[in-house]
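Me: I'm new to this one and would like to know what the labels rest on. Can you go through it with me, one "how do you know" at a time?

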There are 6 protein chains.
Amino acid sequence: MEKWLGSLKTKNPQEGFELAITLAQKGVQYTQPSEKIRKKLRPKYSTNAKSLIAASQVIAINFQTVAAANNYWKKT
Amino acid sequence: MEKWLGSLKTKNPQEGFELAITLAQKGVQYTQPSEKIRKKLRPKYSTNAKSLIAASQVIAINFQTVAAANNYWKKT
Amino acid sequence: MEKWLGSLKTKNPQEGFELAITLAQKGVQYTQPSEKIRKKLRPKYSTNAKSLIAASQVIAINFQTVAAANNYWKKT
Amino acid sequence: MEKWLGSLKTKNPQEGFELAITLAQKGVQYTQPSEKIRKKLRPKYSTNAKSLIAASQVIAINFQTVAAANNYWKKT
Amino acid sequence: MEKWLGSLKTKNPQEGFELAITLAQKGVQYTQPSEKIRKKLRPKYSTNAKSLIAASQVIAINFQTVAAANNYWKKT
Amino acid sequence: MEKWLGSLKTKNPQEGFELAITLAQKGVQYTQPSEKIRKKLRPKYSTNAKSLIAASQVIAINFQTVAAANNYWKKT
């Protein structure tokens, strides 16, 4: 796969949260590389509450990693 | 998306817990940006015990991050 | 919501575990504020093994946070 | 509830793992206090692979807490 | 139960991963002590993708613990 | 099993993420050693949104471990 993740460092928490979303999506993409299939699945899971909560959970786990990597964006 | 997360710092644990709830909700919103669709799903998952427990779990994971970012609100 | 969480500090591990239970319940309450609806759901999930295990998992995650906040109640 | 958790300290990793099991069980007991109901559920979930894996997961999460509390039983 | 866990220390990451598998299995064994029943469940869950992913998740959680206990096998 | 995991150290975050994927896959392989059976399951779970999200979650958990092992690839 081409380069997509250069660093876990972000300027602020919100960009960190958005990086966590990217990580969650990449976990799916590596498992299902076909964009066509992923696009077909989208209307279903994005209108299913349980899937949305599950997606939010994967984001939360990745956000823990990104936040730790940024020392929680604490001003030093 | 507009700016919604400036800092992980909160004044006290309860505000930290409420920030964790916001993070859990944002994970859903980024995955399903349509407010209309999210509102339609709400009556279903909010009256389903398994979904409520799953939502509480995502909040718990985000609360770990927020609590660590605030050094657990320990008085120093 | 009124004040319900003043501190993550507890006198001992058991009170910490009980605070973790409160946090798990609060995650549900914020998501479903109606006490009436929550009470209606209770007989179902509390007699369902999978839901009980899921509830125990949310408690376990919150207990990690509370235990860390108390430095694992280590005597110093 | 009577006193059941005095300390997270254990003599060795195996006792720590067994404490993690106790914590997982207590999470269930606080949610469903009736021993009668819990016993009725046991034959079902204990012969269901998904439930057994879910139970093992709650134990694993609690074991993280107990292991950290014991500094991983490292000899100092 | 007889002694099965003497230490969380392993010689290298791979042995650590294999210890994580043992921990995941032990979580199941403590919950369902009958080897006969566990063997009967095996053909089903080991050919079910969702169960295999769930098993891999429990291993991943235990591997976090084992890796931390070994300071990630960093050369000092 | 032959040697497959020599170190948790990677050159950069992306390789770390890819190692996390390997760990997630190995968790499945140890549980179901038959490559033939695993290949048969692939078309199903890789076109199922819930399974893909679950797989991404296992990757996220393993990525936490790999990231910590690499001190989040911080430049020192």
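Me: How many residue pairs are in polar contact across the interface of chain B and chain A, and what makes them count?
Reply: This is a predicted model, and the rule finds nine such pairs between chain B and chain A, with both residues at pLDDT 80 or more. A pair counts when N or O atoms lie within 3.5 Å, one able to donate a hydrogen and the other to accept it.

Me: Which elements of chain B give two or more residues to the side that touches chain A?
Reply: They are α1 (13-31), α2 and α3 of chain B. The largest share comes from α3(B), with eleven residues. Sorted by class, that side of chain B has 18 nonpolar, eleven polar and three charged residues.

Me: How many salt bridges are there between chain B and chain A?
Reply: Zero. To count, a side-chain nitrogen of Lys or Arg would have to be within 4 Å of a carboxyl oxygen of Asp or Glu, and the rule finds zero of these across the interface of chain B and chain A.

Me: What is the area buried between chain B and chain A, and how many residues are in contact?
Reply: The area is about 2,400 Å², and carbon and sulfur atoms give 67% of it. As for residues, 32 of chain B are in contact with 26 of chain A. Accessible area lost when the parts come together is a frequent way to give the size of an interface.

Me: Now chain A and chain F. What do they bury between them?
Reply: About 2,400 Å², with 67% of it on carbon and sulfur atoms. The salt-bridge count for chain A and chain F is zero, while nine residue pairs are in polar contact there, both residues at pLDDT 80 or more. On the chain A side, α1 (13-31), α2 (35-45) and α3 (49-69) each supply at least two residues. Of these helices, α3(A) gives the largest share, eleven residues. The side of chain A that touches chain F is made up of 18 nonpolar, eleven polar and three charged residues.

Me: Why are chain A and chain F said to be related as by a six-fold rotation axis?
Reply: Start with the superposition: a rotation of 60 degrees with 0.0 Å of shift along its axis puts chain A on chain F, at an RMSD of 0.0 Å. The two copies are therefore related as by a six-fold rotation axis. They also use different surfaces, since 19% of the contact residues of chain A recur in chain F.

Me: Which residue of chain A comes closest to the rotation axis?
Reply: I61(A), with its C-alpha at 6.9 Å from the axis.

Me: How do you know that chain A and chain C do not touch?
Reply: Touching would take heavy atoms within 4.5 Å. Chain A and chain C do not touch, and their nearest C-alpha atoms are 12 Å apart. Chain C and chain F do not touch either, with 14 Å between their nearest C-alpha atoms.

Me: Why is S46(B) called buried?
Reply: The cut-off for buried is under 20% relative accessible area. S46(B) has 6%, so S46(B) counts as buried. Its place is in the loop between α2 (35-45) and α3 (49-69) of chain B. Not counting residues up to four places away in sequence, S46(B) touches L52(B), T31(C), Q32(C) and I37(C).

Me: And what makes A60(C) buried?
Reply: Its relative accessible area is 0%, so A60(C) is buried by the under-20% cut-off. A60(C) lies in helix α3 (residues 49-69) of chain C. Leaving aside neighbours within four places in sequence, A60(C) is in contact with V58(D), I61(D) and N62(D). W4(C) is 56 residues from A60(C) along the chain, and their C-alpha atoms are separated by 20 Å.

Me: Last one: what is chain A built from, and how many of its residues are buried?
Reply: Chain A has three helices and zero strands, running α-α-α from the N terminus on. Its C-alpha atoms fill a box of roughly 45 × 30 × 15 Å along the principal axes. Of the 76 residues of chain A, 59% count as buried. Among contacts in chain A with a separation of 6 or more, 64% are between residues 24 or more positions apart.

Notes:
Residues numbered from 1 in each chain as written. Chains lettered and ligands numbered in written order. Predicted model: local features only at pLDDT ≥ 70, side-chain atom pairs only at ≥ 80, totals over all residues. Heavy atoms only, no water. Least-squares fit on C-alpha atoms with pLDDT ≥ 70 in both. Buried area = accessible area lost by both parts, 1.4 Å probe. Polar contact = N/O pair within 3.5 Å; in protein donor to acceptor, adjacent residues only side chain to side chain. Helix = DSSP H or I, 4+ residues; strand = E, 2+ residues; numbered from the N terminus. Nonpolar A, V, L, I, M, F, W, Y, C, P; charged D, E, K, R; others polar. Buried < 20%, exposed > 50% of the residue type's maximum accessible area, 1.4 Å probe, protein only.
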